[in-house]
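Here is a short tour of charged side-chain pairs, written for anyone who likes to see the geometry alongside the sequence.

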Amino acid sequence: MDWQTFKQSFKQNDLARLYLFYGEEWYLREHYLAMLKKKIVGDGLEEFNFKTFSENVVFEDLQEAVDSYPVMQERKMVLVRDYDLFKANESVRERFAALIQDIPETCVLVFVFGETWKPDKRVKLFSLFGKVGAVVEFQRAAQTDLITWIKRHFLDLNHDISTELCEHLIFQCGNLMGNLLPEIEKISAYAKKEIIKKEDIDAVVSPCLETIVFDLTKAIVAKDYAQAIQITESLDAMKENAIGVMSLIGKQMRQLYCAGLVLKNGGTVRDFMLLWNMKSDFVAKKMLQSVRGVSVEWLRNALLLCEETDRKLKSGESFPAIRVFIARLAESGETL
């Protein structure tokens, strides 16, 4: 079940006795978890009708919490965070299987996992969750949904923002709602007028790592090596992981190489988006614009140098290897 389906069932008060919440969109996960708690527990008697466990859960304590009756309410809620029962030994999984198949009508049991957790769908216990209750994955929102969400939050703060600037904000900060919300609040506090302008966004937002690396690769392709070195130095000062930075450089250089091939063969923005499964043309247009006038041969050879630098970093070198990578590009000119 995706979160939109869960949202509809929640509105219709069609609640299961068992839930498994996971996914990288942590804002939505925590938002609907809080709403679920409010619907079940309400504002009072939380001490009796809401119980939470961590990854160190003791099975007998959990069993007791599930079986006990709520106080002055129809149901109670039991929440288990980050206990990966799917990786437990067979006997423990069997005990959990028996527990979740016998959850009383007076209890809603919820297992919640963080952004990086992925389910092992081969385990029988996982399929049992889907049969008894609901497995809800909180994925990143689609671009159109995210733009609608951004506009609504700006309106709540008495501001208006265009679709184009919503795309610019997503490009700067990424497409996770939890990361965007504090930036929306900062922009709204800073903006002096009702209509949000690009200058308002650029003045206060904290660009995500992918956006910073995009500026770095854009500088490389534009042969602005001084700017590329400056960005690299700032990333080093920020204590970013050199392998992670180079991985992003490599990914974006592969995209730029593909963009160069698309242009060379008379392709369109749509063709490029299909190659990389892009949902929005905002970044696609930026990449195609970046490689206009750049030879495909130069892009291919720069990409090979990226891969060489990535191997060096994985063998123990650090940020100086990225600076050497940029310096080699600068020395090679168009001949690379």
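Helices in this account are DSSP runs of H or I with at least four residues, numbered from the N terminus. With that in hand, and bearing in mind that this is a predicted model, let's start inside one helix. Arg93 and Glu90 both belong to helix α5 (residues 90-100), where three residues, about one turn of the helix, set them apart. The two form a salt bridge whose closest N and O atoms are 2.5 Å apart. Glu90 has a relative accessible area of 46%, so it counts as partly exposed.

Other pairs reach across the sequence. Glu233 and Arg323 meet through their side chains in a salt bridge of 3.5 Å, N to O. This pair links distant parts of the chain, with Glu233 in helix α12 (residues 225-237) and Arg323 in helix α17 (residues 319-332), 90 residues apart. Glu233 is partly exposed, at 36% relative accessible area.

Arg140 also pairs with Glu24, and their closest N and O atoms are 3.0 Å apart. Arg140 sits in the loop between β5 (134-137) and α7 (143-156), and Glu24 in the loop between β1 (18-22) and α2 (26-41), so this salt bridge ties together parts 116 residues apart in sequence. Arg140 is partly exposed at 35% relative accessibility, and Glu24 is partly exposed at 31%.

Here are the three pairs side by side:

| Salt bridge | N to O distance |
|---|---|
| Arg93 and Glu90 | 2.5 Å |
| Arg140 and Glu24 | 3.0 Å |
| Glu233 and Arg323 | 3.5 Å |

How many salt bridges does the structure hold? The count is 18. Some share partners: Arg29, Glu30, Arg81 and Glu115 are joined into one network this way.

Technical notes:
Residues are numbered from 1 along each chain as its sequence is written. This is a predicted model: local features need pLDDT of at least 70, side-chain atom pairs count only at pLDDT 80 or more; totals for chains, interfaces and linings use all residues. Side-chain values use heavy atoms; hydrogens and water are left out. A salt bridge is a side-chain nitrogen of Lys or Arg within 4 Å of a carboxyl oxygen of Asp or Glu. Helices (H or I, at least four residues) and strands (E, at least two) are DSSP runs, numbered from the N terminus. Buried means under 20% relative accessible area, exposed over 50%, partly exposed in between (1.4 Å probe, protein chains only).
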